[in-house]
Each structure stands twice: as structure tokens, then as C-alpha cells.
Amino acid sequence: MFKSILSTQMKSFLELRATVVAERTYLLDVQVLKHLDCFLVESDYHSAELSEDILNAWINSLSGSSKTIHNKVGTVRNFVMYLNELGNMSFVPYSPKVKSDYMPYIYSDSELELIFYHADNLPINPTKRSNPYLAAMMPMILRILYSCGTRLGETMALQRKDIDFKARTIFLRNTKFSKERLIPIHDTLIDIMEKYCLLLGIMNNPDAFLFPGAAQGHHFSKRQVLTWFHRILQLADIAQTSDGQHERGACLHSFRHVFVLKSMQQLEQTGHPVDMNDLLLPTYLGHKCLLDTDRYMRFAGVQIPETLTAFEAFTNGLIPKVEVPQYEE
């Protein structure tokens, strides 16, 4: 697996890591050390101690987001400290700071209309193995994601007992970070959900999944939803590739960002300004801290021109213009 002068140490380090970290973390460690190993071989490096110069050169060769680079350097920092314990005194590199350079894709109102139109009119060829409720499930799934801002996994795990039609709420049990939460539902959505449950015949079956899978006792999988949503975006002629280095293209998770944007706009319109000290959205979204919600409050001006125009109007006159003096030659 490894060919550099530190191949033996890399193998023993990974054997140790395999006993204390999750499999996914271990596999990432393997990838990073493979990259470092190749870099040492290509650099014709023959010292059993990693110098500051060679490590800085390796860090400068890394590509990807700031978070990706931070994680890779973190793996090598652990390996370097392991080397130091063995007596191979090496330089411990600093971890680059993580920059919040993520920019989500925000669907326009016209794109949303196209998405829901094609979701409601999906061309489905029924087979013996196909889900008989697929034509109803995809429109319902998208309406919940759009109206409630829930995560896909949370939505797919919903059961009939999680919907309270009288209180007009959804109880999210299987959530990220195990943060159960109760969220309100708009009147129009709860009415649609009631008709949906009647259609599936699960109104009086509390343990039934809201989105049943083909196999009994299983819900419709996230992968299946993503596959059908990919088809919907194709039908709507919405590009799914990113046109920016740190932007994410059109995807299903974009619905959560749209929900946050429209929630912020509605709160502002009702005289409730939103800032990072406000716990309404973080609590509703199930975030661990305010910084998690911060990623959902960043939008490009080209995506929401009316918001950018309002900001420019608000700041007009606050920042003085500075005239640069002209000097005659």
C-alpha cells in the first residue's frame, strides 16, 4: 500500500487507528496517508523525520474546500504526533482555518412551479416491482421538504402517528444529532397530508410509514427519492451542475435553503427582524448551534435580487463616498 521511507510507520499507525475510530474515519485516514506517501516518493524524500519544508509543500499541493484541507492536515498531524512518540521527531504542521465559502443554490419561484408541475405529472411506467403509491409520494415528499424545511432522512422516517391533524404538527423522531422536535404545519399542507393518508389507507394505522417502501416494514429510501428528483429536474430543464468553485448545484437539499430564505423574508415582513441571536430558526431546523444555521443564511445577490436591492436602499448614505484627489503630472 505504501512505498515511501515511512511505509512501516504508516501501516502501524493505521492499524492503531482502526481500533479507535469509526470505519469511515479510518478509510479517510488511509486516503490521506496514501496521498502523503506518493508525495514523499515523488519528492524523493528519504528522511524518517518529516521536516517543516516537506509538510508545507504537501499542504500547498492539496486541493478542495478549506474544510477538506483542514481535515486532511488533521490526519497528518495525528500521524506526525505518532512519529514523535516513536522518536522520529517531526514538525507538527498548523491546521489551516476553515473558511465558510459555501454558497447554496436557491430555486426561483418559476423553477419551483416547474418542479412541482413535473412532480405532479411524473411519467411512471408501472411494473410488478414498482411502488403503487410513487405518483402520490413524490409530490407529497417535496411539499413537506419545501413547506417544513425538514431533512430528507427525517421526512422519509415519518410514520402516521407522527402527524397530529388536530394540533397541525409533525413530530420528528429520527433526526440528525438525535434532536427530536415538534414543528407546526400550515393549514394547506395538513389538508393535503390528510387526503394523502386516506389515499394510502394508513389513517388508522399509527405505525405505518408515511412513505412506504416496496418491502414490507421499510420506508421509501433516500436514494430512491434522489433518483426521482434527478429525473424531475431533468424534466424541468434545471441544470444540476455548479457554476462556481464553492457553490452547490441544484439539488434536493436546496429546498431546505429555500425554506430558510422564505422564512426569513416572512419574519422580516411581519416586523420580526432575524439575526444570529434569534433562536427561532436554529431550534426549528434542529441545529446544534447558531453557527450551523449561519450556513443557511448566505445567499447570492443574483439569486435574490429584491433582497440585495433592499439592502442597498437601507445602506444608501450610511457609507460615505471617498473622492480620490487627482494630481496633475
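**Note on the predicted model: sheet, cores and two loop residues**

1. Start with one pair of residues: D164 has its bridge partner in β2, and that partner is T169. The model is a predicted one. The pair belongs to the contact of β1 with β2, where the two strands pair in the antiparallel sense over 2 bridges.

2. On its other side, β2 is joined to β3 by 4 bridges, and these two strands also run antiparallel. Here F171 can serve as a marker, with L182 in β3 as its bridge partner. Put together, the 3 strands make an open sheet in the order β1-β2-β3, with antiparallel pairing. Which strands stand at the edges of the sheet? They are β1 (163–164) and β3 (181–184); each has a single partner strand, so one side of each has no neighbour in the sheet.

3. The faces of β3 can be told apart. R181 and I183 are on its covered face, while L182 and P184 are on the uncovered one. This fits a general pattern: side chains in a regular strand alternate between the two faces of the sheet.

4. The loop between β2 and β3 holds T175. Is T175 buried or exposed? Its relative accessibility is 13%, and the cut-off for buried is under 20%, so T175 counts as buried. Leaving aside residues up to four places away in sequence, T175 touches E154, E180 and R181. R181 was met above, on the covered face of β3.

5. For the protein as a whole, the secondary structure comes to 13 helices and 3 strands. There are 329 residues, of which 40% count as buried. Among contacts with a separation of 6 or more, 61% are between residues 24 or more positions apart.

6. As a general rule, nonpolar side chains in soluble globular proteins tend to be buried together. In this model the largest nonpolar core has 55 residues, and those with the most contacts inside it are Y107, I141, L142, M193, L210, F211 and F255. Several elements give two or more residues to this core, including β2 (169–172), α8 (187–200) and α10 (254–269). Helix α6 gives the most, with 10 residues.

7. M193 is worth following by eye. Not counting residues up to four places away in sequence, M193 touches M140, I144, I163, F165, I170, I185 and L210. Apart from the core of point 6 lies another, of 25 residues, among them V32, L36, Y45 and L55.

8. Where do helices α2 and α3 meet? V32, H35, L36, F39 and L40 in α2 meet I54, A57 and W58 in α3. The residues of this contact divide into 7 nonpolar, 1 polar and no charged. As for geometry, the axes of α2 (residues 23–42) and α3 (residues 52–60) come within 11 Å and cross at roughly 120°, and the crossing is right-handed.

9. The last point concerns N88, which is placed in the loop between α4 (66–86) and α5 (109–120). The relative accessible area of N88 is 14%; since buried means under 20%, N88 is buried. Which residues does N88 touch, not counting those up to four places away in sequence? They are L6, Q9, A48, E49 and L83.

Key. Residues are numbered from 1 along each chain as its sequence is written. This is a predicted model: local features need pLDDT of at least 70, side-chain atom pairs count only at pLDDT 80 or more; totals for chains, interfaces and linings use all residues. Side-chain values use heavy atoms; hydrogens and water are left out. Buried means under 20% relative accessible area, exposed over 50%, partly exposed in between (1.4 Å probe, protein chains only). Contact means heavy atoms within 4.5 Å. Axes are lines fitted to C-alpha atoms, for helices over the stretch in contact, and angles run from 0 to 180 degrees between N-to-C directions. A crossing is left-handed if the near helix is turned anticlockwise from the far one by less than a right angle, and right-handed if clockwise. Ala, Val, Leu, Ile, Met, Phe, Trp, Tyr, Cys and Pro count as nonpolar, Asp, Glu, Lys and Arg as charged, and the others, Gly among them, as polar. A nonpolar core is a set of buried Ala, Val, Leu, Ile, Met, Phe, Trp, Tyr and Cys residues joined through side-chain atoms within 4.5 Å. Two strands pair if DSSP finds at least two bridges between them.
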